[in-house]
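Please go through this protein chain with me, taking the helix packing and a few single residues in turn.

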Amino acid sequence: MSEGDSVAVSVGRMNGSPVAGQRTEAPLSRIVSSAMLIHAVSAMVELGVVERMSDGPRPVSELAREVGVPEERLLVVLRAVTAAELVVQTAPGVFALSPAGNHLRPDDPLGLRDLFRMCTYGDLF
């Protein structure tokens, strides 16, 4: 790339026009993905799914019945937190907390569940 090309790219970025090959929606996609993940983790915590998974792998059908939500909706949540490595799928339709997901348990000594709730709801206590 010559010096002239560098200036042209800089000018293009300064006036807000996209640079060739740049995904202009990527920053917004990351924000939306983060928001969706926060809601998924929140659902896991607030519905009591984390506690129900504390003793090991559980079928999504049982979890959904116990927390009173449609199985297909809970499956969406579980897939999202699986992608974030908070949950692992141990068999088709069966999920368990990962080592990272265990930090969402109410008895976890690090208290990350409380920190998460404080950051999402403003709950300090």
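The questions and answers below move from the overall make-up to the helix contacts and then to single residues.

Me: What should be known about the model and its numbering?
Reply: This is a predicted model, in which local features need pLDDT of at least 70 and side-chain atom pairs count only at pLDDT 80 or more, while totals for chains, interfaces and linings use all residues. Side-chain values use heavy atoms, with hydrogens and water left out, and residues are numbered from 1 along each chain as its sequence is written.

Me: In what order do the elements of the protein chain run from the N terminus?
Reply: Helices (H or I, at least four residues) and strands (E, at least two) are taken as DSSP runs, numbered from the N terminus. The protein chain has six helices and three strands. Read from the N terminus on, the order is α-α-α-β-α-α-β-β-α.

Me: What share of the 125 residues of the protein chain counts as buried?
Reply: Buried means under 20% relative accessible area, exposed over 50%, and partly exposed in between, with a 1.4 Å probe and protein chains only. For the 125 residues of the protein chain, the buried share is 28%.

Me: Around what arc of the axis of H4 do its buried residues lie?
Reply: Helix H4 covers residues 60-67, and Val60, Leu63, Ala64 and Val67 in it are buried. They are on the same side of H4, because the arc that they cover around the axis, taken from the directions from the helix axis to the C-beta atoms, is only 100°.

Me: Against which elements do the buried residues of H4 pack?
Reply: Contact here means heavy atoms within 4.5 Å. The buried residues of H4 have partners in both helices and strands, namely helix H3 (49-52), strand S1 (58-59), helix H5 (71-83) and strand S3 (94-97).

Me: How is H4 oriented relative to H5: roughly parallel or roughly perpendicular?
Reply: Axes are lines fitted to C-alpha atoms, for helices over the stretch in contact, and angles run from 0 to 180 degrees between N-to-C directions; the axes of H4 and H5 come within 9 Å and cross at roughly 115°. Angles under 35 degrees count as roughly parallel, over 145 as roughly antiparallel, 65 to 115 as roughly perpendicular and the rest as oblique. The crossing angle therefore makes H4, relative to H5, roughly perpendicular.

Me: How do the residues of the contact of H4 with H5 divide by class?
Reply: From H4, Val60, Ser61, Leu63 and Ala64 meet Glu71, Leu74, Leu75 and Leu78 of H5. Ala, Val, Leu, Ile, Met, Phe, Trp, Tyr, Cys and Pro count as nonpolar, Asp, Glu, Lys and Arg as charged, and the others, Gly among them, as polar. The contact of H4 with H5 thus divides into six nonpolar, one polar and one charged.

Me: What is the class make-up of the contact of H2 with H5?
Reply: The axes of helix H2 (residues 26-46) and H5 come within 9 Å and cross at roughly 115°. The contact is made by Leu37, Ala40, Val41, Ala43 and Met44 of H2 together with Val77, Leu78, Ala80 and Val81 of H5. By class, the contact of H2 with H5 has nine nonpolar, no polar and no charged residues.

Me: Which residues is leucine 74 in contact with, leaving aside its neighbours within four places in sequence?
Reply: Leucine 74 is found in helix H5 and is buried, with a relative accessible area of 3%. The C-alpha atoms of leucine 74 and serine 61, 13 residues apart along the chain, are separated by 8.8 Å. Leaving aside neighbours within four places in sequence, the contacts of leucine 74 are Val49, Val60, Leu63, Ala64 and Val69.

Me: Which residues does glycine 93 touch, not counting residues up to four places away in sequence?
Reply: Glycine 93 is found in the loop between S2 and S3 and is partly exposed, with a relative accessible area of 24%. The C-alpha atoms of glycine 93 and valine 60 are separated by 5.7 Å, although these residues are 33 residues apart along the chain. Not counting residues up to four places away in sequence, glycine 93 touches Arg58, Pro59 and Val60.

Me: What is the phi of glutamate 85?
Reply: Most residues other than glycine have a negative phi. Glutamate 85 is found in the loop between H5 and strand S2 (87-91) and counts as exposed, at 62% relative accessibility. The phi of glutamate 85 is a positive value, near 65°.
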